[in-house]
Amino acid sequence: DLDSAVKVSKKFQHAVDQPFDVDHQTLQVGVSMGISFYPDHGSDAHALLKTADIAMYKAKRNAISYAIYDAGKDELNPNHLDLVRDVRDAVRCKNLKIVYQPKWDINGRGVFSAEALLRWNRPVIGDISREVFIPIIEQLGLMHEVTRWVIHSALQQQKRWKREGLDLSVSVNVSAKNLADHRFPKIVADLMEKEGVAPDDLVLEITENSMMLNPDNARKLLNEIAATGVKISIDDFGTGYSSLSYLKNLPVTEVKIDKTFVTHLMTNESDATIVRAIIDLAHSLGCNAVAEGVENQETMETITAWGCDTAQGYYIGAPLDPNAFLSFMTSEKVVADWVLSESM
């Protein structure tokens, strides 16, 4: 019955919550559980597991240890479990892909960097939004594996571009899960050493919100990474809750203004004020200011007048696969404006 199931769940939670030591590091794990009952939530084992799994994801979303299936409040699409399965298969079979979006140096260097962005083309269905599949990757506990693959692939791509005459750094997004892993700085350092890529050719982008989940641990890991020469960027700035006293103590080289502010700065006075203030704040912290979501010439001219350092958005260039990105960079128009190496 319900009381017995809840008692078992609480006992299990208590057992799992106990800290333990691994290699002189104290670790603690959490647990998410879903509960379903026969026959109300399913008439056979398969149906009960499905509804329990849906309840488990409800527990994850609400950051609680257990949840009981409630058909009346089931917000998940009936095909959600199939989606989860396909995401898991895509990660394991390396069926995800990486596209690259150019970053433009407003002060005259042209395109100097490319951000690696994860994409997934689901069989039969087509392209799936990052907002849909990235949370599933995190829930499945596969974010560490995916981030490592993206960093490794981006470093390999950076080397290939350099052989083609494109001297670009690459940016990779890092999740809160990575900032909770004390091994992450060494993983990054080992990948750079393996590929022979200079540390300043890699930028790790961390969202403001992910840093604030565990500020002390995030600061420690970011300092370790920055000590190797890798650059740190704060992504989606303006949407989080970090304080200036916290930010000033981080080894950050770049602040990216969230595109929700940039996109409407020409028509929304509040957004314009925020963008201009963040540009000034970034400079006061000794960082470059990056405007995401630059979609037209008018916006580009405005942020240039305000002293923004870098622009990114469809006005500069759309995310492209590696070969299309190379063609874009070496097109007649681009070569006329942007400096490539002498080998080109």
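Okay, quick definition before anything else: when I say strand, I mean a DSSP run of E with at least two residues, numbered from the N terminus. By that rule, Phe 20 sits in strand S1, residues 20-22. And keep in mind that this is a predicted model.

So, Phe 20. Its relative accessibility is 35%, and it counts as partly exposed because that label covers whatever falls between under 20% for buried and over 50% for exposed. Phe 20 also has company: together with Val 22 and Val 29 it makes a nonpolar patch on the surface, with about 220 Å² of accessible area between them.

Now, the pockets. The largest one comes out at about 1200 Å³. Its lining takes in 29 residues, and the ones nearest the centre are Gln 28, His 144, Ala 176, Lys 177 and Ala 180. Which elements supply at least two lining residues each? Those are strand S2 (25-27) plus five helices: H2 (45-61), H4 (130-139), H5 (143-163), H6 (176-179) and H9 (215-227). By class, you get twelve nonpolar, eleven polar and six charged residues in that lining.

On to the second largest pocket, at about 990 Å³. Here 37 residues do the lining, with Leu 117, Arg 130, Glu 131, Asn 173 and Asp 235 closest to the centre. Elements giving two or more residues are the strands S6 (110-122), S8 (169-174), S9 (202-207) and S10 (231-237), along with H4 and H5. The class split for this second pocket is 15 nonpolar, ten polar and twelve charged.

That's my bit, thanks.

How values were computed. Residues are numbered from 1 along each chain as its sequence is written. This is a predicted model: local features need pLDDT of at least 70, side-chain atom pairs count only at pLDDT 80 or more; totals for chains, interfaces and linings use all residues. Side-chain values use heavy atoms; hydrogens and water are left out. On a 1 Å grid over the protein atoms alone, a cavity is a set of points where a 1.4 Å probe fits but cannot get out, and a pocket is an open set with protein on both sides within 12 Å along at least five of seven lines; lining residues have an atom within 4 Å of a point. Grid points are joined across faces, edges and corners, and a volume is the space filled by probe spheres set on the points. Helices (H or I, at least four residues) and strands (E, at least two) are DSSP runs, numbered from the N terminus. Ala, Val, Leu, Ile, Met, Phe, Trp, Tyr, Cys and Pro count as nonpolar, Asp, Glu, Lys and Arg as charged, and the others, Gly among them, as polar. Patches are made of residues with over 30% relative accessible area and no salt bridge: like charges are joined within 9 Å, nonpolar side chains (Val, Leu, Ile, Met, Phe, Trp, Tyr) within 5 Å. Accessible areas come from the Shrake-Rupley method with a 1.4 Å probe; for residues, only the protein chains shown count as cover. A salt bridge is a side-chain nitrogen of Lys or Arg within 4 Å of a carboxyl oxygen of Asp or Glu. Buried means under 20% relative accessible area, exposed over 50%, partly exposed in between (1.4 Å probe, protein chains only).
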